[in-house]
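Q: I'd like to go through this structure with you, a few spots at a time. Can we start once it is on screen?

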Amino acid sequence: MFYSIEQRVENFKKFYKRENDRPLLGFFVESEYPLHRYPASKSLPQGRPLAPDDFVVENYLADYDSLFDRHEAAGGDFIWAASSFWGIPWIEAAMGCKIIADHNTGSIHAETPADFDGEMPEFDIDNPWVQKGIEYLDKISSHCNGRYPLATPRLRGISDVLACLYGNESFVFKFFESPEKIDEQAAKITDFWISFAKTQLEHIPEFHGGIGSFYYNMWAPAGTVWLQEDAAALLSPDIFQRHILGCVKQIVASFNGSIVHMHPTGYYPYAEYLPTDMLALELHIDEGGPSAEELFEVHSKILAHKPLLVWGAIPEKDLDWIFSKLPAKGLAVLNALDRKQLESGENERLYEKYIQ
């Protein structure tokens, strides 16, 4: 279950072409909450808005090394990737939202501005948050010296940013109250998003001819970005298709590759994504959400058109279903394991059961 970097890269190249003879299986190690995952972030102040200077990049470099080493020790087919610290809501912060650390939940959230006037800022390379993102990438790149890939960080999507700016409830009503205004705002957020991601990519060096994929530990073709539209769950399919889908398609068309993150609760627009040029789709197995058996039809439809990554702390009953029922070609599974499971050798047992 331990393969060279070169072999894993070749396996991912086949995965994207849906030519892999077996599913790919890897392991996501440690907490999925950024402030719990990166010890350096424990010094972030709580109870006040964070500023770029609160993030001292040098303090995070040892955490990046540690996470890479732990994922390498877990084995499997994936390659851990670094990014600008993903706890930061980058787009929201760069657009002027206050961001607040919560060490109890392990997350940093962006606050809805009390004085939001509907105006959208233009992307500015000199924006302090944009410069902090660049600083992260340049210093990580210099520090790791090609040992592990870099990737774009979590950049929340157009509906996510609108939901933050207006608040979740008001955001939904805006599509009915002022559809033209919200289309104008969505277009400006899209331009901002594309400029931000392109700036990040300019500071991400190639790794074995490609780059990494944030959170998913996947090798990806150079120029690939990670995107999400979690707030689509608050919208109807009709509203998403009329006001947001065009923005997503513009983002997809602006990059060499894109991998979209989705949760299978509420409305999630996987069917709308299938005809696009997205590189791959990811769909969580969420605790308390639909089982792999209940998602079989969705998984099958995705795999008929696109590579599929299934992510989560996946119960063994679901793993049994996934590996016995779904076709291998274009299928990858990233299973989240806690430290106790790793210490008991659960990673080796699962890899032997499903792959070897």
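What follows is a chat about charged pairs, aromatic rings, one strand and two backbone angles.

Q: Before we begin, what sort of model is this, and what gets counted?
A: This is a predicted model, in which local features need pLDDT of at least 70 and side-chain atom pairs count only at pLDDT 80 or more, while totals for chains, interfaces and linings use all residues. Residues are numbered from 1 along each chain as its sequence is written, and side-chain values use heavy atoms, with hydrogens and water left out.

Q: OK, salt bridges. How many does the structure hold?
A: There are 22 salt bridges in the structure, a salt bridge being a side-chain nitrogen of Lys or Arg within 4 Å of a carboxyl oxygen of Asp or Glu.

Q: Which residue does aspartate 77 meet in a salt bridge?
A: Aspartate 77 meets arginine 22, at 2.9 Å from N to O. Aspartate 77 lies in the loop between H3 and S2 and arginine 22 in the loop between H1 and strand S1 (24-29), so this pair ties together parts that are 55 residues apart in sequence. Helices (H or I, at least four residues) and strands (E, at least two) are DSSP runs, numbered from the N terminus.

Q: And are those two buried or exposed?
A: Aspartate 77 is buried, at 0% relative accessibility, whereas arginine 22 is partly exposed, with a relative accessible area of 23%. Buried here means under 20% relative accessible area, exposed means over 50%, and partly exposed is in between (1.4 Å probe, protein chains only).

Q: What about lysine 353, which residue is its partner?
A: Lysine 353 forms a salt bridge with glutamate 316, and their closest N and O atoms are 2.6 Å apart. The pair links distant parts of the chain, with lysine 353 in helix H15 (residues 346-354) and glutamate 316 in helix H13 (residues 316-325), 37 residues apart. Both residues also belong to a network of salt bridges that links Glu316, Asp320, Glu346, Arg349 and Lys353.

Q: Now aspartate 63, where is it and what is its charge situation?
A: Aspartate 63 is in helix H3 (residues 61-74). Aspartate 63 is buried yet has no salt bridge, and the nearest side chain of opposite charge, arginine 70, is 7.9 Å away; for this purpose Lys and Arg count as positive and Asp and Glu as negative, while His and the chain ends are not counted.

Q: So what is it in contact with?
A: Leaving aside neighbours within four places in sequence, aspartate 63 is in contact (heavy atoms within 4.5 Å) with Tyr38, Pro39 and Ala40.

Q: Switching to rings: how many aromatic pairs are there?
A: A search of the whole structure finds 36 aromatic pairs. Rings of Phe, Tyr and Trp (its six-membered ring) pair if their centres lie within 6.5 Å, and planes under 30 degrees apart count as stacked, over 60 as edge-to-face and the rest as tilted. Phenylalanine 12 and tyrosine 16 form a tilted pair, 6.3 Å centre to centre with 35 degrees between the planes. These two are four residues apart in helix H1 (residues 5-16), so about one helical turn separates phenylalanine 12 from tyrosine 16.

Q: Which lysine lies over the face of phenylalanine 255?
A: That is lysine 198, at 4.8 Å from the ring centre. A charge sits over a ring if NZ of Lys or CZ of Arg is within 6 Å of the ring centre and within 35 degrees of the ring normal.

Q: Strand S9 next. Why is it described as largely enclosed?
A: Six of the six residues of strand S9 (residues 257-262) are buried, so S9 is largely enclosed by the rest of the structure. Gly257, Ile259 and His261 point one way, while Ser258, Val260 and Met262 point the other way.

Q: Which strands join it, and how do they run?
A: Strand S8 (residues 224-228) is joined to S9 by five bridges, and the two run parallel. S9 is joined to strand S10 (residues 280-284) by four bridges, also running parallel. Two strands pair if DSSP finds at least two bridges between them. Valine 225 has serine 258 in S9 as its bridge partner, and valine 260 has leucine 281 in S10.

Q: Last one: what is the phi of asparagine 145, and of histidine 208?
A: Asparagine 145 has a positive phi of about 50 degrees although it is not a glycine, and histidine 208 has a phi near 50 degrees. Asparagine 145 is exposed, with a relative accessible area of 65%, and histidine 208 is partly exposed, at 37%.
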